[in-house]
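This report covers one chain and goes through an aromatic pair, a serine site, a pocket and the model confidence. The sequence and the structure come first.

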Amino acid sequence: MIRWMLLIFIVLVLVNSTTGVLRKVGLGRLPGDFTFRLLGREVFIPFASAVLVTVLLFSAIKLVAWLF
C-alpha cells in the first residue's frame, strides 16, 4: 500500500512540474483535472489526465508484449 501511495505521489509531482508542456498538448483541461490556488501557488491535480495516460501506456505496453 505504501509503495502505491509513493508511486502516485511521485507521478503527481512529475506531472505537476510539467504542467506547461501538458497544457500545450491539451492534457490538464479534462473534466476531472483540478487547478486551484493555495497559499499563492497554483496547484494542479490531474486525475483525469493521469487515468488517460495510464490507459494509453498500458495499451501500448500490452501491444508491444503481444507483438513479441
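## Aromatic pair

Does Phe34 count as buried, partly exposed or exposed, and at what relative accessibility? In this predicted model, Phe34 has a relative accessibility of 41% and therefore counts as partly exposed, since buried means under 20% and exposed over 50%. Phe47 falls in the partly exposed class too, at 49% relative accessibility.

The count of aromatic pairs comes to one. The pair is formed by Phe34 and Phe47, with ring centres 5.8 Å apart and planes at 75°, so the arrangement is edge-to-face; that label applies to planes over 60 degrees apart. Distant parts of the chain are linked by this pair: Phe34 belongs to strand E1 (residues 33-38) and Phe47 to helix H3, with the two positions 13 residues apart in numbering.

## Ser49

Ser49 is also part of helix H3. With a relative accessibility of 5%, Ser49 counts as buried, because the cut-off for that class is under 20%.

Which residues does Ser49 contact, once its neighbours within four places in sequence are left aside? These are Leu27, Gly28, Leu30 and Asp33. As for Ile2, it is 47 residues from Ser49 in sequence, and the C-alpha to C-alpha separation of the two is 23 Å.

## Largest pocket

The largest pocket holds about 360 Å³ of space. Its lining consists of 15 residues. Val11, Leu12, Ala50, Val51 and Thr54 are the lining residues that lie nearest the pocket centre.

Two helices, H1 (2-17) and H3 (47-67), each contribute at least two residues to the lining of the largest pocket. What is the make-up of this lining by class? There are 13 nonpolar and two polar residues in the lining, and no charged ones.

## Model confidence

The mean pLDDT over the chain is 84, and 100% of the residues score at least 70. Which elements of the chain have the lowest and the highest mean pLDDT? Helix H2 (residues 19-25) has the lowest, at 76, and H3 has the highest, at 89.

Helix H3 thus recurs through this report: Phe47 of the aromatic pair lies in H3, Ser49 is found in H3, and H3 supplies at least two residues of the pocket lining.

Terms used:
Residues numbered from 1 in each chain as written. Predicted model: local features only at pLDDT ≥ 70, side-chain atom pairs only at ≥ 80, totals over all residues. Heavy atoms only, no water. 1 Å grid on protein atoms, 1.4 Å probe; cavity = no way out; pocket = protein on both sides within 12 Å on 5 of 7 lines; lining within 4 Å. Points joined across faces, edges and corners; volume = space filled by probe spheres on them. Helix = DSSP H or I, 4+ residues; strand = E, 2+ residues; numbered from the N terminus. Nonpolar A, V, L, I, M, F, W, Y, C, P; charged D, E, K, R; others polar. pLDDT = per-residue confidence, 0-100. Buried < 20%, exposed > 50% of the residue type's maximum accessible area, 1.4 Å probe, protein only. Contact = heavy atoms within 4.5 Å. Phe/Tyr/Trp six-rings, centres within 6.5 Å; stacked < 30°, edge-to-face > 60°.
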